[in-house]
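Work through the following exercises with the sequence and the model at hand, and try each task before reading its solution.

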Amino acid sequence: MTFVVTDNCIRCKYTDCVEVCPVDCFYEGPNFLVINPDECIDCALCEPECPANAIFSEDEVPSGQEEFLKINEELSAVWPNITEKKDALPDYEKWDGVEGKLQYLER
């Protein structure tokens, strides 16, 4: 099983989760993070560290956000690996909690 980054990470991109990942399975895009499902060891350390509550176990992804399973797999194959915490995006407070942000995902 794997963990999945979902909609609420878009345009926030907190990286607290990256710091605790023992296998460095996070990948960074312009305004979103993803988890490589082949590298994730299902340790669950990242989930409680996400200030946006955007990380879920693959079997607990909220209804309507199942497409993020494929998005995480697809983008983790092309985006660079991230292993250290960075500042959240400048306007993260405006976007944290906004629903339906998939249209803002920058690939």
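**Exercise 1. Two residues with unusual backbone angles**

Task: Classify Asp24 by its relative accessible area, and then examine its phi.

Solution. Asp24 has a relative accessible area of 32% and is therefore partly exposed, where buried means under 20% relative accessible area, exposed over 50%, and partly exposed in between, with a 1.4 Å probe and protein chains only. The next step is to place Asp24, which lies in the loop between α1 and β2; helices (H or I, at least four residues) and strands (E, at least two) are DSSP runs, numbered from the N terminus. Asp24 is not a glycine, and yet its phi is positive, at about 50°. Most residues other than glycine have a negative phi. Asn53 can be treated in the same order: its relative accessibility is 57%, so Asn53 counts as exposed, it lies in the loop between β3 and β4 (55-57), and its phi is near 50°, a positive value in a residue other than glycine.

Before going on, note that this is a predicted model, in which local features need pLDDT of at least 70 and side-chain atom pairs count only at pLDDT 80 or more, while totals for chains, interfaces and linings use all residues. Residues are numbered from 1 along each chain as its sequence is written, and side-chain values use heavy atoms, with hydrogens and water left out.

**Exercise 2. Cysteines and disulfides**

Task: Determine how many disulfides the structure holds, and explain why Cys43 is not bonded to Cys21.

Solution. A disulfide is a pair of cysteine sulfur atoms within 2.5 Å, and by this criterion the structure holds 0 disulfides. For Cys12, the nearest cysteine sulfur is that of Cys9, 7.1 Å away, and Cys12 is in no disulfide. Cys12 is also buried, because its relative accessible area is 0%. For Cys43, the closest cysteine sulfur belongs to Cys21 at 6.0 Å, which is too far for a bond. The two residues can then be classified by accessibility: Cys43 is partly exposed, with a relative accessible area of 34%, whereas Cys21 is buried at 11%. Cys21 lies in the loop between α1 (16-20) and β2 (26-28), and its C-alpha is 8.9 Å from that of Ala44, although 23 residues separate Cys21 and Ala44 in sequence.

**Exercise 3. Enclosed and open spaces**

Task: Find which residues line the second largest cavity, and divide them by class.

Solution. On a 1 Å grid over the protein atoms alone, a cavity is a set of points where a 1.4 Å probe fits but cannot get out, a pocket is an open set with protein on both sides within 12 Å along at least five of seven lines, and lining residues have an atom within 4 Å of a point. Grid points are joined across faces, edges and corners, and a volume is the space filled by probe spheres set on the points. There are 2 cavities of 30 Å³ or more, and the second largest cavity holds about 40 Å³ of space. Its lining consists of Val5, Cys9, Tyr14, Cys17, Leu33, Cys50, Ala52, Ala54 and Ile55. For the classes, Ala, Val, Leu, Ile, Met, Phe, Trp, Tyr, Cys and Pro count as nonpolar, Asp, Glu, Lys and Arg as charged, and the others, Gly among them, as polar; the division is 9 nonpolar, no polar and no charged. The largest cavity holds about 60 Å³, and its lining, which includes Cys21, Cys43 and Ala44, divides into 11 nonpolar, no polar and 1 charged. The largest pocket, at about 200 Å³, has a lining of 6 nonpolar, 7 polar and 3 charged residues.

**Exercise 4. The surroundings of Cys17**

Task: Describe the position of Cys17 and list its contacts beyond four places in sequence.

Solution. Cys17 is found in helix α1 and, at 4% relative accessibility, counts as buried. With contact meaning heavy atoms within 4.5 Å, and leaving out residues up to four places away in sequence, Cys17 touches Phe26, Leu33, Cys46, Glu49 and Ile55. Finally, Cys17 and Cys50 are 33 residues apart in sequence, while their C-alpha atoms are 5.7 Å apart.
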